[in-house]
Amino acid sequence: RLPEGAPRGPLTALPLSRVSGRVSRGATLAAFETLHPDGLAVKPVSWVVGEEGLSMLLGAGTVEERLLRLGFEKRWIERRRAAGEAFRLALFPAEAAEPATWDGIFNVVRETFPEAAPKVLARAGELRALPFAELQARATAGYLRGASYFEVNEAAMAGASEDSRYLSTARLASEQCEGRVEEVRGWLYHVLGLSDLFDGAGSTVLPDGRRGVGEFLIRNRRVADFGEAFAWVELTP
């Protein structure tokens, strides 16, 4: 069950195995109105963890140590803090979710992004087989014009960018985009949040290559929709 000091309410009656969690961040209260701070239209899908991840996030260690175990990159954490953003852990009842495997990702793409699905699914075999470093190198030498996925992503505001290198769903689906595997990987990076460390095994990966905790994908939604069966936990040092 939730540990002592966790918010009181309907969630406390549930065993931890029936609770899900998601780390979110923001500098304003509005950023915490939905599970993902960029909102429902831009980010219709959210990454969550189950009992294993919650045990880690509600346990010992600094916020940075716990976020690293969750698969976040140190440079990303530092940029969020420099922007004045705080980290919170959303707690809500567990529900059906797709595992963060390649099969799970492709299921989410089919169901949630039908306009992008043909180009993504056409590259499924290559995405499974090719290492991220190779795809990043192709993209940097090609359509990213010397930049990295990370750099282009960080220049976006609230999940949107005027930069044509930022492959939104509309840009990927357009006739102007060939849908090369490195472009599809860029879309997955920007829109679904598949970072450098994602390898399709269903769990987070630490920077040193060790396995972290299991992760899943669910529909993004307004936290008010959970009613009283929801709580934010401040993640502080």
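1. A pocket, as the term is used in this note, is an open set of grid points with protein on both sides within 12 Å along at least five of seven lines. By that criterion, the second largest pocket of this predicted model has a volume of about 200 Å³. Its lining consists of 15 residues, and those nearest the centre are A41, V42, G159, S168 and T169. Helices α9 (169-173) and α10 each contribute at least two residues to this lining. Sorted by class, the lining of the second largest pocket holds seven nonpolar, five polar and three charged residues.

2. The largest pocket has a volume of about 1,200 Å³. It is lined by 47 residues, among which R25, H36, F72, W76 and N153 are the closest to the centre. Two or more lining residues come from each of β1 (19-26), β2 (45-48), α3 (74-82), α8 (149-154), α10 (181-192) and β5 (203-205). Strand β1 gives the most, namely six residues. In composition, the lining of the largest pocket comprises 25 nonpolar, 13 polar and nine charged residues.

3. Strand β1 deserves a separate comment. Eight of its eight residues are buried, so the strand is largely enclosed by the rest of the structure. In a regular strand, side chains alternate between the two faces of the sheet. In β1, V19, G21, V23 and R25 point one way, while S20, R22, S24 and G26 point the other way, and all are buried. R25, on the first of these two faces, is also one of the residues closest to the centre of the largest pocket.

4. The pairing of β1 should be read together with its burial. Strands β1 and β3 run antiparallel and are joined by eight bridges. Within this pairing, G26 has A86 of β3 as its bridge partner.

5. A further sheet is open and has three strands, in the order β2-β7-β4, with antiparallel pairing. Strands β2 and β4 (98-99) occupy the edges with a single partner strand each, so one side of each has no neighbour in the sheet. Between β4 and β7, which run antiparallel, there are two bridges. E98 has L217 as its bridge partner in β7. Strand β2 also gives two or more residues to the lining of the largest pocket.

6. The aromatic pairs number 14 in the model. One of them, F92 with F230, is stacked, at 6.4 Å centre to centre and 10° between the planes. F92 belongs to strand β3 (residues 86-93) and F230 to the loop between β7 (216-219) and β8 (231-235), so this pair ties together parts that are 138 residues apart in sequence. Both F92 and F230 are buried. The two rings also take part in a cluster that ring pairs form from F32, F92, F226, F230 and W232.

7. Two arginine side chains lie over aromatic faces. R88 is placed over the face of F32, at 4.2 Å from the ring centre, and F32 is itself a member of the ring cluster. R75 is placed over the face of F150, at 3.7 Å from the ring centre. Which helices that give residues to the lining of the largest pocket span these two positions? They are α3 (74-82) and α8 (149-154), each giving two or more residues to that lining.

Notes
Residues numbered from 1 in each chain as written. Predicted model: local features only at pLDDT ≥ 70, side-chain atom pairs only at ≥ 80, totals over all residues. Heavy atoms only, no water. 1 Å grid on protein atoms, 1.4 Å probe; cavity = no way out; pocket = protein on both sides within 12 Å on 5 of 7 lines; lining within 4 Å. Points joined across faces, edges and corners; volume = space filled by probe spheres on them. Helix = DSSP H or I, 4+ residues; strand = E, 2+ residues; numbered from the N terminus. Nonpolar A, V, L, I, M, F, W, Y, C, P; charged D, E, K, R; others polar. Phe/Tyr/Trp six-rings, centres within 6.5 Å; stacked < 30°, edge-to-face > 60°. Buried < 20%, exposed > 50% of the residue type's maximum accessible area, 1.4 Å probe, protein only. Lys NZ or Arg CZ within 6 Å of the ring centre and 35° of its normal. Pairing = 2+ DSSP bridges.
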